[in-house]
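Hi,

Here is the structure I said I would pass on. Have a look at it first, and then read my notes below.

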Amino acid sequence: MSQFLDNINEPKDLEKLNYDQKDELAKELRDYVIKVVSETGGHLASNLGVVELTIALHSVFDGKKDKIIWDVGHQTYIHKILTGRKEKMNTLRQLNGISGFPKTNESEYDSFNTGHSSTSISVAMGMARARDIMKEDYSVVAVIGDGALTGGMALEALNDAGSSNKDIIVILNDNEMSISKNVGGLSRFLGYMRSKRFYTQSNKKIKKIVRKIPKIGEKLIHLTRRVKYGIKQLFISNMFFENIGFTYLGPMEGHDIEKIESMLKMAKKIGGPVLIHLVTKKGKGYKPAEDDPERFHGTSSFDIQTGNPKKQKEIDYSKVFSEKIVELAKKDERIVAVTAAMASGTGLKEFKKEFPERFFDVGIAEQHALGMCAGLAKSGLKPIISLYSSFYQRGYDQVIHDIAIQKLPVVMCVDRAGIVGNDGETHQGQFDMAFFQIVPNITIMAPKDFEELKQMLEYAFKLNKPVVIRYPRGGEGNTKFIMHSQIAEGKAEVIKYGNDVSIIGIGKMVEKAKEVAELLKIDNIDAEVVNVRFLKPIDEKQIIESINKTKKVVTIEDGTIVGGLYSKICEIANKYNINKHILGFAYPDEFIRHGSVVELEKLYGLDSSNIYKKVRESL
Ligand SMILES: Cc1ncc(C[n+]2csc(CCOP(=O)(O)OP(=O)(O)O)c2C)c(N)n1
């Protein structure tokens, strides 16, 4: 029983509560969200940090009419609970359940879909401009973390918004953390602002002075932006946000609902671009998350009492990468490693520990990270960068323009390639094979298991050119293949010879190819299994040899059907005038929703028993 939460079914219900009751509601919301995430897994620490802010936002704004855009969107669990999805929270991130990110098709209170970082201010600016052109009347609010503010897109948008004079409110949720501790000059600047507690100090001084001015009195505090700006400048030097055109309010304690509400109301009144700087605590109210906000940024299910995960993590691809890259860097001091705010997720934390001066976390800045790798490579070092597949989308031009055209030896590791599962459509890594494949000068590899990843990493540095190595999330419990023939550029590996059907797999799907071959064997169907290893350059010779001798060709990949392995094999067959039906198993040309990887593989017919059935039927 939750005294207040039980009676909140929509934001309007907040009107009935006074501030003490809202504080109680905040406690109940925290307990509820901890309970939910302890079972479903998800982004806990970020949500615990925005409880008061979310209550205040829904108290001041009309979420159906006004537009609240949540940057990244991983911090919207409280928002979901307050906007009619309380009862569905136990389905969070599960197949057919509610998403872990805002979804416009889930609720009219979700005004924009997010998932990738740093988009909110751009979107808000678009909405504000549309509102004014269409002569409509609503507020536009972007809620952005200090981590997300390190992304180039956010800075581009700030630059535009500052000079626009548009009514837009940016709420900077500053908890000093990205996933790990936030980095960079901007983060240092925010730290400086926080330490000064400018707003409270200057605000008191301003009030004192203003009250002394005859006749004008109190009202002046709220009156015009220009006056306020001028007065503030008397006390605050180095006002970055003010200087680029924002009215800056803050920094302010971000867990005081009453204060946040009054600040929001003030921002509405002031008009023009306003930035409210709130200082919050990531993980607030749950000791294990306060003590280790990084681990509780995104967590699997855990025990509430201890905070310990219910399932201990086994070795996975990121860990294998982590160990191997440290081993290689010990032997070659020209190896340097780069990440864009994902040191722990990608497994680069160990590298950082071992070689702090050869490790660079540039913040949520994939474009800069890749551009910087080009510079490192051009100047004689051997950069390796690890980003998640879906975040390479951000740095695509840097891959083409800065790295590939100049054939610079950058090793680009694509972690979370293929379907990642519960984070859903914004995070699925289904496109990388398609978008890397069309770029000239790049070698693309995908290991079939952990051992092959190690070999590929070693090999990649020898190639002395742009290399992509893609591997999936997890990998625990996957087949460990016995066979590991030596890697050679553009050479596939035949795992099993056969005469009836050629099954060509890539990366983790080679395991499925092997399982399908074993199932077909029971029916006396003799399958050949090819581990293609290199999507580019692809082993045309081996592929032609294999498909020429069998009756049927099957491709299996964990990416989109458009432009990946299947497309490549069709191209080869056409090029050499081989007229054979090619059965492609891949994800369809659509965005793949959330659910566990196993469930999604089943749903899209990519589990071995379905592939076997379909191949059997087709023969
Ligand atoms: C383009 C992109 N790169 C990386 C990520 C992974 N990511 C998700 S949340 C996050 C940190 C966000 O930090 P902040 O904005 O400060 O929010 P907080 O969780 O601290 O509240 C990162 C790096 C992402 N979502 N999008």
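**Helix H5 and what surrounds it**

Let's start with a check on helix H5: with 14 residues at 1.5 Å a residue, H5 should span 20 Å, and its end C-alpha atoms are indeed 20 Å apart, so the two agree. Before you go further, keep in mind that this is a predicted model.

Which residues of H5 are buried? They are Ser120, Ile121, Val123, Ala124, Met125, Met127, Ala128 and Arg131. These buried residues pack against three strands and a helix: strand S1 (67–70), strand S2 (140–145), strand S3 (168–174) and helix H6 (152–162). Once H5 has ended, Lys135 takes a positive phi of about 50 degrees.

**Helix H1**

You can run the same kind of check on helix H1, which covers residues 19–40. From its first C-alpha to its last, H1 reaches 31 Å with its 22 residues, close to the 32 Å expected at 1.5 Å a residue.

Its N-terminal end is capped by Asn18, where a side-chain oxygen lies 3.1 Å from the backbone nitrogen of Asp20. Just after the other end, Gly41 takes a positive phi of about 75 degrees.

The buried residues of H1 include Leu25, Ala26, Leu29, Val33, Ile34, Val36 and Val37. Have a look at Lys22, Glu28 and Arg30 too, as they are also among the buried ones. What covers the buried residues of H1? The cover includes helix H2 (44–49), helix H3 (51–60), helix H4 (77–85) and helix H11 (257–270).

**The ligand**

Now zoom in on the ligand. It has 23 residues around it, and the closest are Ser46, His74, Gly147, Met177 and Glu366. Sorted by class, this shell has 8 nonpolar, 11 polar and 4 charged residues.

Three backbone contacts are good ones to find on your screen:

- A polar backbone atom of Ser117 is 2.9 Å from a nitrogen atom of the ligand.
- A polar backbone atom of Gly147 is 2.7 Å from an oxygen atom of the ligand.
- A polar backbone atom of Ala148 is 2.9 Å from an oxygen atom of the ligand.

How much of the ligand does the protein cover? On its own the ligand has 580 Å² of accessible area, and the protein covers 97% of that.

**Asp110, a buried charged residue**

Next, go to the loop between H4 and helix H5 (120–133), where you will find Asp110. Is Asp110 buried or exposed? Its relative accessible area is 5%, and buried means under 20%, so Asp110 is buried.

Its side chain has polar partners. One is the side chain of His79, at 2.7 Å, and another is the side chain of Arg85, at 2.7 Å. Leaving out residues up to four places away in sequence, Asp110 touches His79, Lys80, Arg85, Pro102, Lys103 and Thr104.

**Backbone details**

There are a few backbone details to pick out as well. The peptide bond from Gly250 to Pro251 is cis, with omega near -5 degrees, and Pro251 sits in strand S4 (residues 247–253). The bond from Lys536 to Pro537 is cis too, again with omega near -5 degrees. Pro537 is in the loop between strand S15 (534–536) and helix H22 (540–549).

Then look for positive phi in residues other than glycine. Lys407 has a phi near 50 degrees and lies in the loop between helix H18 (396–404) and strand S9 (411–415). Asn464 has a phi near 60 degrees, and its place is the loop between helix H20 (450–463) and strand S11 (467–470). Are these two buried or exposed? Exposed means over 50% relative accessible area; Lys407 has 52%, so it is exposed, and Asn464 has 54%, so it is exposed as well.

**One more loop**

Last stop: Asn577, in the loop between helix H23 (565–575) and strand S17 (582–587). With a relative accessible area of 70%, Asn577 is exposed. How far is its C-alpha from that of Gly375? The two residues are 202 residues apart along the chain, and their C-alpha atoms are separated by 43 Å.

Have fun with it!

Technical notes. Residues numbered from 1 in each chain as written. Predicted model: local features only at pLDDT ≥ 70, side-chain atom pairs only at ≥ 80, totals over all residues. Heavy atoms only, no water. Helix = DSSP H or I, 4+ residues; strand = E, 2+ residues; numbered from the N terminus. Expected span 1.5 Å × (residues − 1). Buried < 20%, exposed > 50% of the residue type's maximum accessible area, 1.4 Å probe, protein only. Contact = heavy atoms within 4.5 Å. Polar contact = N/O pair within 3.5 Å; in protein donor to acceptor, adjacent residues only side chain to side chain. Near = heavy atom within 4 Å. Areas by Shrake-Rupley, 256 points an atom, 1.4 Å probe, with all protein chains shown as cover. Nonpolar A, V, L, I, M, F, W, Y, C, P; charged D, E, K, R; others polar.
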